[in-house]
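This report goes through selected features of one model, from unusual backbone geometry to helices and their packing.

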Amino acid sequence: MFEASDALLLARIQFAFTVSFHFIFPAFSIGLASYLAVLEGLWLKTGRQVYLDLFKYWLKIFAMAFAMGVVSGIVMSYQFGTNWSVFSDKAGPVIGPLMAYEVLTAFFLEAGFLGVMLFGMNKVGKKLHFFATLMVAGGTFVSAFWILSVNSWMQTPTGFEMGANGQFLPGESWFDIVFNPSFPYRLVHTVIAAYLTTAFVVGGVGAWHLLKDKTNQHARKMFSMAMWMAALVAPVQIFAGDMHGLNTLEHQPQKVMAMEGHYESHPDGAPFYLFGIPNDETQTLDYAVGIPKLSSLILKHDLNAPLAGLDTIPDDEQPPVFMVFWAFRIMVAIGVGMMLLGFWSLFARWRGTLYEWPLLHRAAIVMGPTGFVAVIAGWITTEVGRQPYTVYGLLRTAQSASPLDAPAVAASLLAFVLVYFAVFGAGVWYILKLMQKPPHKGEKGVKSTAKGPVRTAGITPGPSQNPNDPTALPQDHEEATDGR
Amino acid sequence: MAVNVDLTTVWAFIIAFGVFAYVVMDGFDLGIGVLFPTFEPGPERDRAMNSIAPVWDGNETWLVLGGGGLFAAFPLAYAVILPATYPLIIAMLLGLVFRGVAFEYRWRDPGHRAFWDRAFTGGSLVAAMSQGMILGAILQGIKVVDRSYAGSWFDWFTPYTLLTGLGVVAGYALLGSTWLIWKLDGPAQAHARKLAIAAGAATLILMAGVSLYNVALNAEYAEKWLTAPEIYYAAPVPILTTIVAISLLRAILKARNSKPFWLSIALFFFGMAGLGFTIWPNVVPPGITIWDAAAPERSQIFMLVGVAITMPLIIAYTGWAYWVFRGKVGDEGYH
């Protein structure tokens with residue numbers, strides 16, 4: 001019923017599924033942790049209540065996203081061994097230490113200070129609490145640093161030696177391994193992506209509440225802050241992405257060929273295809289619509305520069321083009337959309353209608369979740385684009401998998417799919433519920449001020465609710481207490 | 001080579017320390033999950049949950065250190081053990097997913113709180129049982145050919161692994177109940193005390209069972225425990241374990257506050273020391289020693305620098321976080 005190639009494909013699907021699901025949460029929590037640090041810092045500096053309210057509003061959402069990130073992340077740390085044990089054995093001496101550093105310098109830092117950040121405001125004082133928030137925010141960044149170094153080493157491996165037993169062994173300098181050629185670009189591009197993703201979520205939530213009540217000071221503040229990020233950072237991101245692309249062209253030309261849909265070589269100026277259906281069988285881009293010579297201009301800064309195509313690459317070293325081609329276009333389209341919304345908000349600011357332009361707010365709501373789509377599309381571009389290798393050019397994906405039978409991988413994949421959609425579906429639903437409530441003055445944190453004990457996310461005084469009434473949602477109670 | 005031998009030994013102890021820290025710290029919060037249904041819905045359950053809410057995330061990080069550290073320091077062991085115990089690992093991870101999100105979800109959705117409470121218990125139980133069975137699967141030996149797992153799907157499923165699985169569940173329940181003795185008061189504390197006696201008895205019986213089974217499992221283990229000169233190193237372990245066990249039961253019965261928890265940790269320490277002595281110097285019995293599986297010296301040194309710098313800091317700020325939330329749950333400081 002199953003063949004060996006099925007087990008490999010299923011293992012790849014499982015990794016893609018678990019890592020894509022996982023990355024949604026850190027993409028949000030990296031940005032949100034920094035946003036929370038900014039809000040708390042502004043509150044300490046200015047003493048203005050609005051910043052504290054927003055801090056507490058987003059802290060509840062952060063607690064949810066962080067919990068989901070933690071549990072889906074633990075799965076990732078074991079996926080390498082369960083499904084990719086041969087890769088783990090071979091690459092472990094090089095990337096294992098980097099991942100150990102991630103745990104030691106980032107995960108413990110985040111987890112150690114998270115409890116104080118969530119529950120400790122009244123126990124440790126403002127300044128120490130702010131310090132805890134900074135440590136959590138710093139931890140998310142350090143985590144990104146190490147794991148992106150690992151990923152980048154797999155894309156552009158440097159600084160290693162080959163052992164007699166087929167293992168990749170560290171060379172003279174760890175610096176060459178950690179700071180491999182694609183790492184600085186990937187780090188910058190990914191971290192900015194996380195900031196933008198968060199900014200658009202914050203902006204979307206702000207816009208939603210502005211549509212309902214344009215005088216809501218809290219909604220105004222968060223919308224304004226988010227739109228500054230959109231206007232200033234989205235263009236920076238497009239520039240960073242371009243630099244990352246040039247770096248990829250240098251080290252992984254096949255990936256760029258797939259992104260561009262260039263099956264054929266272009267000796268005097270390559271077109272940039274806006275549309276097309278890549279066909280790996282015939283090695284052609286069907287129904288192609290392109291702008292002549294634009295690709296050469298972008299990649300070589302010269303209209304007539306020659307660009308090699310996939311016809312120069314043996315078939316068994318080519319990535320599958322369709323996914324790379326389209327994932328890349330989706331990412332770029334969203335990036336451009338983000339920048340345009342940012343510029344629109346600048347225009348609205350200049351006109352003095354930032355808070356009174358429903359069409360702008362509707363657009364911001366539509367753009368709200370697109371950061372996640374762009375982030376996943378970007379990862380699909382880079383990960384599918386580096387196929388058929390796990391360690392680029394050196395270790396093939398087909399030679400990396402665990403000696404598992406297909407039914408075992410299929411069963412676990414099914415279990416992950418069912419559990420993830422159920423559990424994280426519920427979590428996203430709860431987050432949306434929190435976002436639906438308007439931020440308001442005297443926002444409660446994750447710590448209950450009622451007689452109940454502390455709780456992770458306890459603005460809901462649980463015991464005071466009727467547990468038999470499923471319609472007794474948290475906001476009902478909160479609205480009732482607002483009037484006090 | 002001489003330097004490498006020392007480093008590998010150092011790393012074996014670092015990983016053992018990480019595993020011990022994990023087992024003790026996540027052990028008590030998993031144990032609370034296992035015992036959760038025996039507490040009354042309402043304030044009792046809320047307090048039990050809140051006694052671990054600020055720290056569970058940090059506790060679970062030690063599991064990532066265990067997995068990540070094994071990957072980094074003993075990549076071959078990681079690459080063999082995980083495929084060999086594949087269904088257990090997946091079950092453990094999914095169990096941890098359910099119980100981890102339950103911390104948040106039960107507050108967010110009072111209408112389904114009963115469901116998330118069950119998810120908290122079920123997830124904790126599955127994770128604890130899986131961890132115990134993984135331990136057993138390693139101890140009983142793993143078939144390896146050419147640096148790869150060569151057994152079948154269900155090699156891990158034996159009476160022995162069931163015994164170790166139950167042993168770990170009981171041990172975690174003991175840690176959880178003694179933690180609750182420390183953190184709760186009133187009727188809930190009295191309830192925790194009863195649970196601790198039952199869990200303590202179960203733990204001791206299962207520990208004895210596993211020990212006897214170990215000796216019967218293979219000749220090499222038996223030789224270690226029962227013949228000279230090894231027996232002189234081995235003998236203190238059961239003797240000290242017995243002393244700790246008696247002190248533990250006395251402490252519970254005398255209604256001590258934090259002492260039962262510390263003695264439960266000591267019990268785990270001697271249990272682990274015994275198991276470590278049993279498999280030493282293998283990391284994957286019967287054939288893979290720590291030196292076979294060790295990462296190259298450069299990797300070991302690079303990571304050792306990191307551990308030497310960060311571990312004291314980690315212990316310091318983790319200790320601080322526990323200190324911030326010290327005292328009984330529901331005491332004045334919590335509001």
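Pro388(A) sits in the loop that runs between helix 13 (370–385) and strand 5 (389–391) of chain A. The model is a predicted one. The peptide bond joining Gln387(A) to Pro388(A) is cis, and its omega is about 5°. In chain B, the bond from Trp280(B) to Pro281(B) is also cis, with omega near 0°. Pro281(B) belongs to the loop between helix 12 and strand 3 (282–284) of chain B.

Most peptide bonds are trans, and most residues other than glycine have a negative phi. Two residues of chain A, neither of them glycine, have a positive phi: Gln283(A), where phi is near 55°, and Tyr287(A), where phi is near 50°. Gln283(A) is part of the loop between strand 3 (272–279) and strand 4 (284–291) of chain A, while Tyr287(A) is in strand 4 itself. Gln283(A) has 15 other C-beta atoms within 10 Å and is therefore partly exposed. Tyr287(A) has 10 other C-beta atoms within 10 Å, so this residue is exposed.

The table lists these four backbone features.

| Place | Feature | Value |
|---|---|---|
| Gln387(A) and Pro388(A) | cis peptide bond | omega about 5° |
| Trp280(B) to Pro281(B) | cis peptide bond | omega near 0° |
| Gln283(A) | positive phi | phi near 55° |
| Tyr287(A) | positive phi | phi near 50° |

The next topic is the contact between the chains. Two packed helices are described by the angle between their axes and the distance between the axes. Helix 3 of chain A (residues 85–119) packs with helix 3 of chain B (residues 56–73) at an angle of about 165°, and the axes are 7 Å apart. An angle over 145 degrees counts as roughly antiparallel, so helix 3 of chain A and helix 3 of chain B are roughly antiparallel to each other. The crossing of helix 3 of chain A past helix 3 of chain B is left-handed. Sorted by class, the residues in the contact of these two helices are 12 nonpolar, nine polar and one charged.

Each chain also has a helix numbered 14. In chain A, helix 14 covers residues 406–436; its 31 residues should span 45 Å at 1.5 Å a residue, and its end C-alpha atoms are 43 Å apart, which agrees. Buried residues of helix 14 of chain A include Ala408(A), Phe416(A), Tyr420(A), Gly427(A), Tyr430(A) and Met435(A).

In chain B, helix 14 covers residues 297–324. Its 28 residues should span 40 Å at 1.5 Å a residue, and the end C-alpha atoms are 40 Å apart, in agreement. Where does helix 14 of chain B bend? The bend, of about 35°, is at Thr310(B), and the proline Pro312(B) follows within four residues. Among the buried residues of helix 14 of chain B are Ser299(B), Phe302(B), Met303(B), Ile314(B) and Ala321(B).

Helix 2 of chain B (residues 43–50) is mostly covered, with six of its eight residues buried. Arg45(B), Asp46(B), Arg47(B), Ala48(B), Met49(B) and Asn50(B) are the buried residues of helix 2 of chain B.

Some single residues remain. Is Gly271(B), in helix 12 (residues 259–279) of chain B, buried or exposed? A residue counts as buried if 20 or more other C-beta atoms lie within 10 Å of its own; Gly271(B) has 24 such neighbours inside 10 Å and is therefore buried. From C-alpha to C-alpha, Gly271(B) and Val237(B) are 8.0 Å apart in space, and 34 residues apart in sequence.

Val215(B) lies in helix 8 (residues 186–217) of chain B. With 15 other C-beta atoms within 10 Å, Val215(B) is partly exposed. Val215(B) and Leu226(B) are 11 residues apart in sequence, and their C-alpha atoms are 8.3 Å apart in space.

Phe175(A) is in helix 6 (residues 174–178) of chain A. Phe175(A) has 9 other C-beta atoms within 10 Å, so this residue is exposed. Between the C-alpha atoms of Phe175(A) and Met323(A), the separation is 33 Å, and the two residues are 148 residues apart along the chain.

Technical notes:
Residues numbered from 1 in each chain as written. Chains lettered and ligands numbered in written order. Predicted model: local features only at pLDDT ≥ 70, side-chain atom pairs only at ≥ 80, totals over all residues. Axes fitted to C-alpha atoms, helices over the stretch in contact; angles between N-to-C directions. Helix = DSSP H or I, 4+ residues; strand = E, 2+ residues; numbered from the N terminus. Parallel < 35°, antiparallel > 145°, perpendicular 65-115°, else oblique. Left-handed = near helix turned anticlockwise from the far one by under 90°. Nonpolar A, V, L, I, M, F, W, Y, C, P; charged D, E, K, R; others polar. Expected span 1.5 Å × (residues − 1). Bend = angle between axes of the 7 residues up to and from the residue. Buried ≥ 20, exposed ≤ 12 C-beta atoms within 10 Å, placed from the backbone.
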